Amino acid sequence: QVQLVESGDGLVQAGGSLRLSCAASGSMFRVNAMGWYRQAPGKQRELVAAITSGGSTNYADFVKGRFTISRDNAKNTVWLQMNSLKLEDTAVYYCNAQVLGTMGNLRIYWGQGTQVTVSS
């Protein structure tokens, strides 16, 4: 079984910064793509940013230039540096990982979610 443990939730003023982290642990052969999604009240979960094991990144238009995703493959950890936060960034942020298991199975795992609240 694989677990994704997130940290870094908090309350921050608009214009401020916050850094989220997510570490994958458990029985696995390799972690492929990792990413961050978010879900605001009454809205669907949406992709924020993703990064492959090779370091290629993909960002949602609404965070380009403000958020940066990075990872450490040796630690199976992904970070999301969030700068210039806006009120509309308030949401529960979820870590996501595509994991290749020791038996050759590919599976998507999700973190428990971490609350980010941006105040005016």
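# A guided tour from Glu 6 to the salt bridges

Begin by selecting Glu 6 together with Thr 114, where the backbone nitrogen of Thr 114 lies 3.2 Å from a polar atom of the Glu 6 side chain. Keep in mind throughout that this is a predicted model. Add Gly 113 to the selection, and a second approach of this kind appears, with the backbone nitrogen of Gly 113 at 2.8 Å from a polar atom of the side chain of Glu 6.

Which side chain of opposite charge is nearest to Glu 6? Select Arg 45 to see it: the distance is 7.9 Å, and Glu 6, although buried, has no salt bridge. The cut-off explains this result, because a salt bridge requires a side-chain nitrogen of Lys or Arg within 4 Å of a carboxyl oxygen of Asp or Glu. If you now display the surroundings of Glu 6, leaving aside residues up to four places away in sequence, you will find that Glu 6 touches Ser 21, Cys 22, Trp 36, Tyr 93, Tyr 94, Cys 95, Gly 111, Gln 112, Gly 113 and Thr 114.

## Along strand S1 and across the sheet

Widen the selection to residues 2–7, which form strand S1 and include Glu 6. Show the side chains of this strand, and two faces can be told apart: Val 2, Leu 4 and Glu 6 make up the covered face, while Gln 3, Val 5 and Ser 7 make up the uncovered one.

Next select residues 18–26, strand S3, which runs antiparallel to S1 and is joined to S1 by six bridges. To follow one position across this pairing, pick Gln 3, which stands opposite Ser 25 in S3.

Now bring in the remaining strands of this sheet, which is an open one of four antiparallel-paired strands in the order S1-S3-S8-S7. The edges are S1 and strand S7 (67–72), each of which pairs on one side only. Looking across the sheet, you can follow a twist that averages 15 degrees from one strand to the next.

At the S7 side, select residues 77–82, strand S8, which is antiparallel to S7 and joined to S7 by six bridges. Arg 71 is a useful residue to label here, since its bridge partner in S8 is Val 78.

## Two loop residues with positive phi

Most residues other than glycine have a negative phi. Two loop residues are worth selecting with that in mind.

Asn 76, in the loop between S7 and S8, has a positive phi near 50 degrees without being a glycine. Apart from neighbours within four places in sequence, Asn 76 is in contact with Cys 22, Ala 23, Ala 24, Met 28, Val 31 and Met 34. If you add Ser 25 to the view and draw a line from C-alpha to C-alpha, the distance to Asn 76 is 7.4 Å, although the two residues are 51 residues apart in sequence.

Then move to Ser 84, in the loop between S8 and strand S9 (91–100). Ser 84 also has a positive phi, of about 50 degrees, and is not a glycine. Is Ser 84 buried, partly exposed or exposed? With a relative accessible area of 42%, Ser 84 is partly exposed.

## The salt bridges

Side chains of opposite charge can pair when their charged atoms come close. The structure holds four salt bridges, and a good place to start is Arg 38.

Select Arg 38 and Asp 89, whose side chains meet in a salt bridge with an N to O distance of 2.8 Å. This pair links distant parts of the chain, as Arg 38 belongs to strand S4 (residues 30–39) and Asp 89 to the loop between S8 and S9, 51 residues apart. Both partners are buried, Arg 38 at 6% relative accessibility and Asp 89 with a relative accessible area of 0%.

Keep Arg 38 selected and add Glu 46, with which Arg 38 forms another salt bridge, the closest N and O atoms being 2.9 Å apart. Glu 46, at 32% relative accessibility, counts as partly exposed. Adding Arg 66 completes the group, in which Arg 38, Glu 46, Arg 66 and Asp 89 are linked in a network of salt bridges.

For the last stop, select Asp 61 and Lys 64, which form a salt bridge with their closest N and O atoms 3.1 Å apart. Here the partners are exposed, Asp 61 at 64% relative accessibility and Lys 64 at 51%.

How values were computed
Residues numbered from 1 in each chain as written. Predicted model: local features only at pLDDT ≥ 70, side-chain atom pairs only at ≥ 80, totals over all residues. Heavy atoms only, no water. Buried < 20%, exposed > 50% of the residue type's maximum accessible area, 1.4 Å probe, protein only. Lys, Arg positive; Asp, Glu negative; His and termini not counted. Polar contact = N/O pair within 3.5 Å; in protein donor to acceptor, adjacent residues only side chain to side chain. Contact = heavy atoms within 4.5 Å. Pairing = 2+ DSSP bridges. Axes fitted to C-alpha atoms, helices over the stretch in contact; angles between N-to-C directions.
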